Amino acid sequence: MELDLWISMKLVSRPLPAFLSDPFRKHPRALALQDDTIAAAGGAHARIHLSEIAAAPVVQRGRVSARLTLDLGDQSCVLLPGVQEAAARAFAQAVERAWSGCNLAQLSSEDDAIAALMTAIEGLTAPAGYSAACLVDPVASQAADLDARVLKKLTPAALGDETMARLAPIMELARNPQQLRDAAIAAFVDQQLAEWKEFFDTVESMPLTPEQRLSVVVDEDATLVLAGAGAGKTSVITVSTAEQKPATGRRKSRPLSCALEPAGRA
């Protein structure tokens, strides 16, 4: 997507107000927008690509003049002091329009990544296996990266209702991954407990307790079961091993079960 070539505007500080607010010239004295780049006259940033801007420009009114701020993220910004408020607001609107266009162009290039994330999220809403951290974290990281690079920079108005609704699950995963993982785990555990109820009721001489059943179906990267003597830890190990069948969607293909005895006992 190419930006309109007519997007070109310059904002210049007024000498006296700029000197009064920034006597050591730490900030630029002019900003010039040309297509997808902003050139700064002075300051630490000579050229700023629109993709570097983290939020829409902000214009703040002062007693004798206004100032315009470009947020570059990571607590970095470009500030233009001593400007006329009306001119600053017109410049800010032009920058925001060009910035939104740049981000929409970037969004359109992310179709494959979006499709892959949506497939992964659909799998979490109806999980075929336990949503362990090692499976969910990479997907959440990809969602967070897309959110930081593109989605957070686009307003609902720029996206439109239909696109906003389509991307909402990705934004939710990026900003609250634990909630989605917890819901996926709860759905899978409930389904497994119902599916294997008869097995859990009859596999041992006594039906497994609710805690034992939960210990069997939970499949985190590392699962620690703590229980007192005679509480049924060995039953959990044996039943968990017996339950490792393809129909369960479990990840362990070669389970190793161990029972340790205190030293000196046969």
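Where is the place of Q75? Q75 sits in the loop between β6 and β7, and we'll get back to that loop once the strands around it are in view. Keep in mind that what you're looking at is a predicted model.

Let's start with the whole chain. The protein has 10 helices and 7 strands. It runs to 266 residues, and 37% of them count as buried. If you take the contacts with a separation of 6 or more, 61% come from residues 24 or more positions apart. As for the surface, the protein exposes about 15,700 Å², and carbon and sulfur atoms supply 56% of that area.

Now zoom in on the N-terminal strands. Strand β1 covers residues 8–12 and strand β2 covers residues 30–34; the two run antiparallel and are joined by 5 bridges. To find your way along this pairing, look for V12, which stands opposite A30 in β2. β2 is also joined to strand β3, residues 37–41, by 5 bridges, and this pair runs antiparallel too. Here a handy landmark is Q34, with T37 of β3 standing opposite. β2 and β3 form a hairpin with 2 residues between the strands. One residue to click on in that hairpin is D35, which takes a positive phi near 60°.

Next up is an open sheet of 3 strands, in the order β5-β6-β7 and with antiparallel pairing. Which strands stand at the edges? They are β5 (58–61) and β7 (76–83); each has a single partner strand, so one side of each is left without a neighbour in the sheet. From one strand to the next, the twist averages 20°. Within this sheet, β5 pairs with strand β6 (residues 66–73) in the antiparallel sense, over 4 bridges. V58 has T69 in β6 as its bridge partner. The sheet has a helix on it as well: α2, residues 85–108, packs there and touches β5, β6 and β7. The direction of α2 makes about 25° with that of β6.

That brings us back to the loop from the opening question. D74 is found in the loop between β6 and β7, and so is Q75. What is phi for D74? For D74 the value is near 50°, which is positive in a residue other than glycine. Q75 has a phi near 60°, again a positive value in a residue other than glycine. Are these residues buried or exposed? D74 counts as exposed because its relative accessibility is 79%, and the cut-off for that label is over 50%. Q75 is exposed too, with a relative accessible area of 87%.

Finally, move along to a pair of helices further down the chain. Helix α6 spans residues 161–175 and helix α7 spans residues 177–195; their axes come within 5 Å and cross at roughly 105°. That crossing makes α6 roughly perpendicular to α7, because angles of 65 to 115 degrees fall in that class. Which residues of α6 meet α7? They are E172, L173, A174 and R175, and from the α7 side P177, Q179 and L180 meet them. By type, the residues of this contact divide into 4 nonpolar, 1 polar and 2 charged.

Terms used: Residues numbered from 1 in each chain as written. Predicted model: local features only at pLDDT ≥ 70, side-chain atom pairs only at ≥ 80, totals over all residues. Heavy atoms only, no water. Pairing = 2+ DSSP bridges. Axes fitted to C-alpha atoms, helices over the stretch in contact; angles between N-to-C directions. Parallel < 35°, antiparallel > 145°, perpendicular 65-115°, else oblique. Contact = heavy atoms within 4.5 Å. Nonpolar A, V, L, I, M, F, W, Y, C, P; charged D, E, K, R; others polar. Buried < 20%, exposed > 50% of the residue type's maximum accessible area, 1.4 Å probe, protein only. Areas by Shrake-Rupley, 256 points an atom, 1.4 Å probe, with all protein chains shown as cover.
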